[in-house]
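Please look through the structure shown here with one helix and a handful of charged pairs in mind. The paragraphs below take these in turn.

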Amino acid sequence: MLAIEKLNQFYGESHTLWDLDLEVPVGQCTCVMGRNGVGKTTLLKAVMGEVAVKSGALRYSNGDTGEVELTQKAVEERSRLGIGYVPQGRQIFPLLTVEDNLRTGLGARQDGVKKIPERVYELFPVLKEMKNRRGGDLSGGQQQQLAIGRALVIEPKLLILDEPGEGIQPNIVSQIGQVIRQLINEDGLTVLLVEQKLPFARKYADRFVIMDRGRPVANGDIGELSDELIQQHLTV
Ligand SMILES: Nc1ncnc2c1ncn2[C@@H]1O[C@H](COP(=O)(O)OP(=O)(O)OP(=O)(O)O)[C@@H](O)[C@H]1O
């Protein structure tokens, strides 16, 4: 689905991603983990084109088109290729209604459809109930559901989420985890997420990748995420 190869990224003089290789297999949830500041968010932003990369390749295939090299594509084009993105901090529009927030995602649909897919409301009924409320009036958990819903209006093939469980009450975190599994199992979606919460990763991810200082240092099936690896790379 996505093969990241020898990716190097700098913030000014600061070398943040180092010759980073990472495979995101189709139809699975890959969870990127690691301590604060190791470059997890930067990696997701590099895939989305929100930060420039110095060198390396992002080879992506969505099943419809042949393989595409994303580093050559503009940000909007990456969405049109079927990549949905839920950024850290959600970035919803507080003054727009829930429905209008969802509509803002539609511009990135390749087929020009201007209707919010019913599937979004089916997965998150709360968004239907609250569709005329302003985004800013929603709870943090509901805003996260809205941010995910907005990424889903393009009916993506690859969904990228940056810490979807951050600062959200546990029952909504579980709902979000279940929706992610539903999207994978029923819609064949591929998911790449950053998540620090171990129970979430263990319950909902298929694979893990641990990063340290800008590069992956361990990866495997989620069942192989041992206490030793956690101790070595994740505890503070
Ligand atoms: N816009 C920026 N300009 C300069 N340096 C930045 C910028 N954004 C992030 N950094 C630095 O790059 C490094 C990696 O940051 P990044 O946010 O990718 O890490 P992270 O693993 O996602 O951390 P966290 O878990 O805290 O979100 C950090 O040292 C951070 O301070």
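In helix H7 of this predicted model, the buried residues are Ile172, Val173, Ile176, Gly177, Val179, Ile180, Arg181, Leu183 and Ile184. These buried residues pack against elements from several parts of the chain, namely strand E3 (29-33), helix H4 (118-123), helix H6 (140-152), strand E7 (158-162), strand E8 (190-194) and helix H8 (198-204). The helix itself runs over residues 170-187, and its 18 residues reach 25 Å from the first C-alpha to the last, which is close to the 26 Å expected at 1.5 Å a residue. After H7 comes Gly188, a residue whose phi is positive, near 70°.

Towards the end of the chain segment that forms H7, a charged residue offers a way into the next topic. Side chains of opposite charge can pair when their charged atoms come close. Glu186 meets the side chain of Arg119 in a salt bridge, with 2.9 Å from N to O. This pair links distant parts of the chain, since Arg119 lies in helix H4 and Glu186 in helix H7, 67 residues apart. Salt bridges that share partners join these two residues with Glu122 and Asp187 into one network. Glu186 counts as exposed, because its relative accessibility is 53% and the cut-off for that class is over 50%.

How many salt bridges does a search of the whole structure find? The search gives 15 salt bridges, and two further examples may help the reader to see how such pairs are placed along the chain.

One of them joins the side chains of Arg59 and Glu5, with a distance of 2.6 Å from N to O. Here again the pair links distant parts of the chain, with Arg59 in strand E4 (residues 55-60) and Glu5 in strand E1 (residues 2-11), 54 residues apart. Arg59 is partly exposed, with a relative accessible area of 29%, and Glu5 also counts as partly exposed, at 27% relative accessibility.

The other example lies within a single helix, where Asp100 forms a salt bridge with Arg103 and the closest N and O atoms are 3.7 Å apart. Because Asp100 and Arg103 are three residues apart in helix H3 (residues 98-104), about one helical turn separates them. Asp100 counts as partly exposed at 32% relative accessibility, and Arg103 falls into the partly exposed class as well, at 37%.

Notes: Residues numbered from 1 in each chain as written. Predicted model: local features only at pLDDT ≥ 70, side-chain atom pairs only at ≥ 80, totals over all residues. Heavy atoms only, no water. Helix = DSSP H or I, 4+ residues; strand = E, 2+ residues; numbered from the N terminus. Expected span 1.5 Å × (residues − 1). Buried < 20%, exposed > 50% of the residue type's maximum accessible area, 1.4 Å probe, protein only. Contact = heavy atoms within 4.5 Å. Salt bridge = Lys/Arg side-chain N within 4 Å of Asp/Glu carboxyl O.
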